[in-house]
2 protein chains.
Amino acid sequence: MEKQPIGIFDSGVGGLTVFKSIRETFPQEDIVYFGDTARVPYGPKSKKTVIDYSIQNTRFLLQHNIKLLVIACNTSSSVAIPYIQKITSIPVIGVILPGAEAAYNISSNKRIGIIGTEGTIRSNAYVDEILKFNDSVETFSKACPLFVSLVEEGWIKNPATEIIIDNYLSYFKEKDIDTLVLGCTHYPVLSPVLNKYFEGKVNLVDSSHAILSKIQQYVDEDKTCIGTSQFFVSDNEEKFMKIANMILGYPIHDLKRVALGESWFVD
Amino acid sequence: MEKQPIGIFDSGVGGLTVFKSIRETFPQEDIVYFGDTARVPYGPKSKKTVIDYSIQNTRFLLQHNIKLLVIACNTSSSVAIPYIQKITSIPVIGVILPGAEAAYNISSNKRIGIIGTEGTIRSNAYVDEILKFNDSVETFSKACPLFVSLVEEGWIKNPATEIIIDNYLSYFKEKDIDTLVLGCTHYPVLSPVLNKYFEGKVNLVDSSHAILSKIQQYVDEDKTCIGTSQFFVSDNEEKFMKIANMILGYPIHDLKRVALGESWFVD
């Protein structure tokens, strides 16, 4: 039987935190990654537009005969899964449910914070999933739109980053949370400074780890082989490779650019 | 003769600084504004993609029978004008040439700084235009991608903004510039803090003002009438209206959302 790859899409480069986690845990798997770098970010976009783009991304990955679709993008995971399931019968795993479950399980005082893009926070998706476990959990949410730009600039230990973290997150200190969901794939890059900010007293939930147990059942059992990694983006290969190197710790190869949607370019 | 409107497009809401300037100076003009809020920002995108989107935006405005196209977006102005001129014979005015000319004229020591998005800075468009006036001018360029997010958050007088300004702009102090081109439509919102940073010793060039003399020759001579303003966006009307209020100082009406490009949304 021919080996089928796992497909991953994200709005851009941030989903490589999810790719990295899957790649390290399931080295035998073939993986195809698509980053929609032409239309990043999804965070500030409307629900309808995010669904539209998510369906286009899925159609592209389906052309690669994927056996499983992982949506690394939180914004997309929060609104698009039911619509994607209308166009394909393969399993679809987003980051919201695993992240919500991990947060619920790890929290002792059941006071949980959630940070993400405007779209993710507006969707209330993490809160909805957490409350399904137990509706007496207290949740507190805040959009942190500047975090993505800070990560993409590589300004992790910058004094400005510390002030911005305090601007956004002092709210959670007041609320006495013991767990914070990092509801955007870029945010785990900030974990060291977030841990410092909370003095190690708050559990940080990274969906790229939480998702692994959900993927387990679909993986290839032949662990003797080594899987391939293919990367596609819709724009700006150079920038993708630069940030990829920062997230993965090694350079990526086999990166191709593809055009999604109609082109009006005349030359 | 039927009155024809001026068309303005921008990658999003920032171009309202240009709209505001035109609206105040030519109150008799009808204006149609399109902000491509579904695909903002253009700054990090490749040249080809920016040209593609610019042509789609132009085609949309041409449907409104515009007599003149003003490209408020610096990134788009820096790469797309020759391609737009292939699809229409109406005059096309970008922000680069007027901004470059104003900077050249106002600078005494002919040491000029340019800030903008990654796309604008990479294009070298301002530098090329400035050097056409006199190739002995010294120019210094730097991309400041975080500025857009700071403006959109409304964090103008925030301590983090001061640190970020210093991170990006200390370079220009070392270079002894006397003029700085604000090569992104969002940046004029930061003018008060930039003036403070440079202690009022550096001329800030705002293309939304520099563009007015270029528009003069195309305007309606009947100054007794009051023009209309129509706004279109490709996504997220709510966020557009919020930031519009901040930039214009008054709320906008007559805002419609339009879909550009093919939709795959299924419901």
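Is Cys73(B) buried or exposed? Select Cys73(B) and take a look: with a relative accessible area of 3%, Cys73(B) is buried. Keep that residue in mind, since the tour comes back to it later.

**Before you start clicking**

What you have open is a predicted model. Its scores are ipTM 0.81 and pTM 0.86. For chain A, the pLDDT averages 92, and 97% of the residues score at least 70.

**Stop 1: chain A as a whole**

Show chain A alone, as a cartoon. You'll find 13 helices and 10 strands in the secondary structure of chain A. Its radius of gyration is 18 Å, close to the 18 Å that the globule rule gives for 267 residues, so chain A is as compact as a globular protein of that length. If you turn chain A along its principal axes, the C-alpha trace spans about 50 × 45 × 40 Å.

Now colour by burial, if your viewer can do it. Of the 267 residues in chain A, 58% count as buried. Contacts are worth a look too: taking those in chain A between residues at least 6 apart in sequence, 76% join residues at least 24 apart.

**Stop 2: both chains together**

Bring chain B back. Chain A lands on chain B after a rotation of 180° with 0.0 Å of shift along the axis, and the RMSD is 0.0 Å. That is how a two-fold axis relates two copies. Want a landmark for the axis? Select Ala160(A): in chain A, its C-alpha is the nearest to the axis, 2.3 Å from it. Both copies use the same surface, with 100% of the contact residues of chain A recurring in chain B.

**Stop 3: a strand between two others**

Go back to chain A and select residues 68-71, which form strand β3. Which residues lie on each side of this strand? Leu68(A) and Val70(A) are on one side, Leu69(A) and Ile71(A) are on the other, and all of them are buried, so both faces of β3(A) are covered. Here is the background: in a regular strand the side chains alternate between the two faces of the sheet.

Next, add residues 6-10, strand β1 of chain A, which pairs with β3(A) in the parallel sense over 4 bridges. Then add residues 92-94, strand β4 of chain A, which also runs parallel to β3(A), pairing over 3 bridges. Centre the view on Leu69(A): Gly7(A) stands opposite Leu69(A), and in β4(A) the bridge partner of Leu69(A) is Val92(A).

**Stop 4: the cysteines**

How many disulfides does the structure hold? The count over all chains is 0. As a reminder, a disulfide is a covalent bond between the sulfur atoms of two cysteines.

Select Cys184(A), which is in no disulfide: the nearest cysteine sulfur belongs to Cys73(A), 7.7 Å away. A disulfide needs the two sulfur atoms within 2.5 Å. Cys184(A) is buried, at a relative accessible area of 7%.

Now return to the residue from the opening. Cys73(B) is in no disulfide either, and its nearest cysteine sulfur is that of Cys184(B), 7.7 Å away.

**Stop 5: backbone oddities**

Most residues other than glycine have a negative phi, and most peptide bonds are trans. Here are some exceptions to click on.

- Val40(A) to Pro41(A): this peptide bond is cis, with omega near 0°. Pro41(A) is in the loop between β2 (31-35) and α2 (47-62) of chain A.
- Val40(B) to Pro41(B): here too the peptide bond is cis, with omega near 0°, and Pro41(B) lies in the loop between β2 (31-35) and α2 of chain B.
- Lys110(A): phi is positive, near 55°. You'll find Lys110(A) in the loop between α5 (96-106) and β5 (111-116) of chain A, partly exposed at 24% relative accessibility.
- Asn124(A): phi is positive again, about 65°, though this residue is not a glycine. Asn124(A) lies in the loop between α6 (118-123) and α7 (125-133) of chain A, and at 34% relative accessibility it is partly exposed.

**Last stop: an asparagine in chain B**

Finish by selecting Asn57(B), which is in helix α2 (residues 47-62) of chain B. Asn57(B) is buried, at 0% relative accessibility. What does Asn57(B) touch, not counting residues up to four places away in sequence? Show the side chains of Phe9(B), Phe34(B), Asp36(B), Arg39(B), Tyr42(B) and Leu260(B), and you have its contacts.

Definitions and conventions:
Residues numbered from 1 in each chain as written. Chains lettered and ligands numbered in written order. Predicted model: local features only at pLDDT ≥ 70, side-chain atom pairs only at ≥ 80, totals over all residues. Heavy atoms only, no water. Buried < 20%, exposed > 50% of the residue type's maximum accessible area, 1.4 Å probe, protein only. Contact = heavy atoms within 4.5 Å. Least-squares fit on C-alpha atoms with pLDDT ≥ 70 in both. pLDDT = per-residue confidence, 0-100. Pairing = 2+ DSSP bridges. Rg over C-alpha atoms; globule rule 2.2 N^0.38 Å.
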